[in-house]
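Work through the exercises below with the coordinates open. Try each task before reading its solution.

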Amino acid sequence: MESQTADLAAARLQAESVGIRSARRHIFLCCDQTKPKCCDRERSVVAWEYLKRRLGELGLSDAGGVLRTRADCLRVCEAGPVAVVYPEGAWYARCDPPVLERIIQQHLIGGRPVDDALITVRPLS
Ligand code: FES
């Protein structure tokens, strides 16, 4: 019981340090897949490294308001790298660095989805 309490305290500290309490948006990117279907694994890793670097450079990581998560597969499995941004539920295709930069600037910062890169939109309520 004591170790469970310690685990929970550690998890709360970690949640604080990754910026969960100040998050405005969360982007999930299909990356480093066990079974690459939407794009080559190498291409997805390049996309992830770009996303991670740019969010850091722009001060959006940690307490900067944007959470990021690598997903093994987002189940769309076409036209990848596939990404989804919440809370809007904006699903994006071909998220290579040029598209990711537009998503960062226009959606993650500006709040407006990038229409021509959208697969579909479905906010969760
Ligand atoms: S492998 Fe990328 S969405 Fe399924």
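The exercises that follow use a predicted model.

**Exercise 1. Sheet order**

Task: Find the order of the five strands in the open sheet, and name the edge strands.

Solution:
- Step 1. Trace the pairings across the sheet. The order is 2-1-3-4-5.
- Step 2. Check the sense of the pairing. The sheet is mixed.
- Step 3. Look for strands that pair on one side only. These are strand 2 (66-71) and strand 5 (118-121), the edges of the sheet.
- Step 4. Add the twist. From one strand to the next it averages 15°.

**Exercise 2. Two pairings**

Task: Decide whether strand 1 and strand 2 pair in the parallel or antiparallel sense. Do likewise for strand 4 and strand 5.

Solution:
- Step 1. Take strand 1 and strand 2. They pair in the parallel sense, over six bridges.
- Step 2. Pick one bridge here. Leu 29 has Arg 70, in strand 2, as its bridge partner.
- Step 3. Follow the chain between these strands. The path leaves strand 1, passes through helix 2 (residues 41-57) and arrives at strand 2. This β-α-β crossover is right-handed.
- Step 4. Turn to strand 4 (residues 90-92) and strand 5. Their pairing is antiparallel, with three bridges.
- Step 5. Pick a residue pair. Leu 118 in strand 5 stands opposite Tyr 92.

**Exercise 3. Leu 108**

Task: Is Leu 108 buried or exposed? Which residues is Leu 108 in contact with, leaving aside neighbours within four places in sequence?

Solution:
- Step 1. Place the residue. Leu 108 belongs to helix 3.
- Step 2. Place the helix. Helix 3 (residues 97-109) lies across strand 1 (25-30), strand 2, strand 3 (83-86) and strand 4. Helix 3 runs at about 165° to strand 1.
- Step 3. Apply the cut-off. Buried means under 20% relative accessible area. Leu 108 has 1%, so Leu 108 is buried.
- Step 4. List the contacts. They are Arg 25, Ile 27, Leu 55, Val 66, Val 85 and Ile 103.
- Step 5. Compare sequence with space for Arg 25. Leu 108 and Arg 25 are 83 residues apart in sequence, yet their C-alpha atoms are 6.6 Å apart.

**Exercise 4. Two cysteines**

Task: Why do Cys 38 and Cys 39 not form a bond?

Solution:
- Step 1. Find the closest cysteine sulfur to that of Cys 39. It belongs to Cys 38, at 4.0 Å.
- Step 2. Apply the cut-off. A disulfide needs sulfur atoms within 2.5 Å. The sulfurs of Cys 39 and Cys 38 are therefore too far apart for a bond.
- Step 3. Check the total. The structure holds zero disulfides.
- Step 4. Check burial. Cys 38 is buried at 10% relative accessible area. Cys 39 is also buried, at 8%.

Technical notes: Residues are numbered from 1 along each chain as its sequence is written. This is a predicted model: local features need pLDDT of at least 70, side-chain atom pairs count only at pLDDT 80 or more; totals for chains, interfaces and linings use all residues. Side-chain values use heavy atoms; hydrogens and water are left out. Two strands pair if DSSP finds at least two bridges between them. Helices (H or I, at least four residues) and strands (E, at least two) are DSSP runs, numbered from the N terminus. Axes are lines fitted to C-alpha atoms, for helices over the stretch in contact, and angles run from 0 to 180 degrees between N-to-C directions. Contact means heavy atoms within 4.5 Å. Buried means under 20% relative accessible area, exposed over 50%, partly exposed in between (1.4 Å probe, protein chains only). A crossover is right-handed if, with the strands pointing away from the viewer, the path from the first strand over the helix to the second runs clockwise.
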